[in-house]
Amino acid sequence: MFQLTGKIAVVTGGNGGIGLGMARGLAQAGALVVIAGRNAEKSREAAHELRREGCKAEAVEADVTDEGEVARLFSETDKHHGRLDILVNNAGTTVRKRPHELTLDEWRHVMDTNLTSAFLCSQAAYPLLKRQGGKVINIGSMMSIFGAPYASAYGASKGGIVQFTRSIATAWAADNIQANAVLPGWIDTELTQGAREQVPGLNERVVARTPAGRWGAPSDLAGVAVFLASSASDFVTGAAIPVDGGYSIA
Ligand code: NDP
């Protein structure tokens with residue numbers, strides 16, 4: 001039920017952090033994973049690391065905010081593998097400023113990277129996924145649920161991801177495409193290392209507020225990725241699943 005052998009997956013931002021944690025889970029379950037990111041060297045290294053572990057992985061350089069590069073990512077995937085089964089829209093960024101300090105360029109940068117990219121990739125993936133049915137996994141956040149003073153653009157993009165997920169889940173259900181969102185809690189990655197440096201006391205507050213009593217690791221997202229990518233979740237669509245050590249219910 002959780003077997004992904006023969007499946008082709010594209011993971012945006014799969015070269016590090018949560019994206020690599022999910023890419024590794026999918027690859028260990030048997031999928032061939034296409035890692036897409038701007039940093040070609042980092043993506044090649046991540047794919048190499050997975051292959052060293054006995055998995056199937058390759059790297060494609062792509063900026064997912066660029067319509068042309070997104071089109072190329074999916075046409076090359078189709079050309080090389082003849083199919084696409086799983087799309088993980090994980091690429092993301094933030095600019096930590098209060099709403100009255102954020103510039104329009106910064107707002108657009110965060111929205112383009114976190115939300116418009118998911119639209120572009122999902123739209124480009126749709127004709128491929130539709131051929132045999134498929135899975136879209138979008139990455140939200142605790143900021144899909146909560147507000148925070150430094151997260152106006154980030155929170156808007158992550159709230160938008162949940163609603164976008166529900167839209168495509170309804171639109172594409174008849175094509176046997178399931179779309180779900182994952183809402184990670186506080187996960188130890190480059191993104192949050194920056195936050196920990198900038199926000200005094202954040203580390204301790206996260207540990208105290210999280211019932212599991214720890215930060216998450218990228219590997220904590222592997223299981224949910226495999227579930228949502230596999231036939232085990234064929235009747236699950238439009239859901240937004242927190243993977244947060246209980247943060248959102250405490
Ligand atoms: P990282 O900064 O470690 O990873 C971000 C990834 O996104 C990188 O692989 C980066 O690759 C890629 N990326 C950024 N911009 C682009 C772009 N324009 N085109 C292609 N790829 C891009 O962060 P995380 O692993 O922490 O975050 C991954 C996702 O998880 C994000 O959506 C984030 O919002 C979300 N998230 C993270 C949480 C956490 O606690 N860490 C909590 C909740 C959600 P490259 O630079 O090579 O392009």
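Colleague: Which residue does the side chain of Asp188 join in a polar contact?

Modeller: The side chains of Asp188 and Arg196 are joined by a polar contact of 2.6 Å. A polar contact is a pair of N or O atoms within 3.5 Å; within protein, one must be able to donate a hydrogen and the other to accept it, and residues adjacent in sequence count only if both atoms are side-chain atoms. This is a predicted model, in which local features need pLDDT of at least 70 and side-chain atom pairs count only at pLDDT 80 or more, while totals for chains, interfaces and linings use all residues. Residues are numbered from 1 along each chain as its sequence is written, and side-chain values use heavy atoms, with hydrogens and water left out.

Colleague: Where does Asp188 lie, and what else does Asp188 touch?

Modeller: Asp188 sits in the loop between β6 (177–184) and α6. Helices (H or I, at least four residues) and strands (E, at least two) are DSSP runs, numbered from the N terminus. Leaving aside residues up to four places away in sequence, Asp188 touches Gln193, Arg196, Trp215, Gly216 and Pro218, where contact means heavy atoms within 4.5 Å.

Colleague: Is Asp188 buried or exposed?

Modeller: Asp188 is partly exposed, at a relative accessible area of 32%. Buried means under 20% relative accessible area, exposed over 50%, and partly exposed in between (1.4 Å probe, protein chains only).

Colleague: Turning to the ligand, how many residues surround it?

Modeller: The ligand is surrounded by 28 residues, and the closest are Asn15, Arg38, Tyr154, Ile187 and Thr189. A residue is near a molecule or strand if one of its heavy atoms lies within 4 Å of it.

Colleague: Which helices supply at least two residues of that shell?

Modeller: They are α1 (17–28), α5 (152–172) and α6 (190–198). The largest share, three residues, comes from α6.

Colleague: What polar partners does the ligand have?

Modeller: One ligand nitrogen is 2.9 Å from an N or O atom in the side chain of Asp63. A backbone N or O atom of Val64 also lies 2.9 Å from a nitrogen atom of the ligand. In addition, a polar backbone atom of Gly185 is 3.3 Å from a ligand oxygen. The ligand taken alone exposes 880 Å², of which the protein buries 93%; these areas come from the Shrake-Rupley method with a 1.4 Å probe, and for residues only the protein chains shown count as cover.

Colleague: Why is helix α8 described as largely enclosed?

Modeller: Six of the eight residues of α8 (residues 222–229) are buried, so the rest of the structure largely encloses this helix. The buried residues are Ala222, Val224, Ala225, Val226, Leu228 and Ala229. Their cover includes α1, β4 (86–89), β5 (134–139), β6 and β7 (240–243).

Colleague: And Ser230, in the loop between α8 and β7: buried or exposed?

Modeller: Ser230 counts as buried, at 1% relative accessibility. Not counting residues up to four places away in sequence, Ser230 touches Met1, Phe2, Leu4 and Lys135.

Colleague: How many salt bridges are there?

Modeller: The count comes to 12 salt bridges, each a side-chain nitrogen of Lys or Arg within 4 Å of a carboxyl oxygen of Asp or Glu. One of them pairs Arg24 with Glu49 (2.7 Å, N to O). That pair links distant parts of the chain, with Arg24 in helix α1 and Glu49 in helix α2 (residues 40–52), 25 residues apart.
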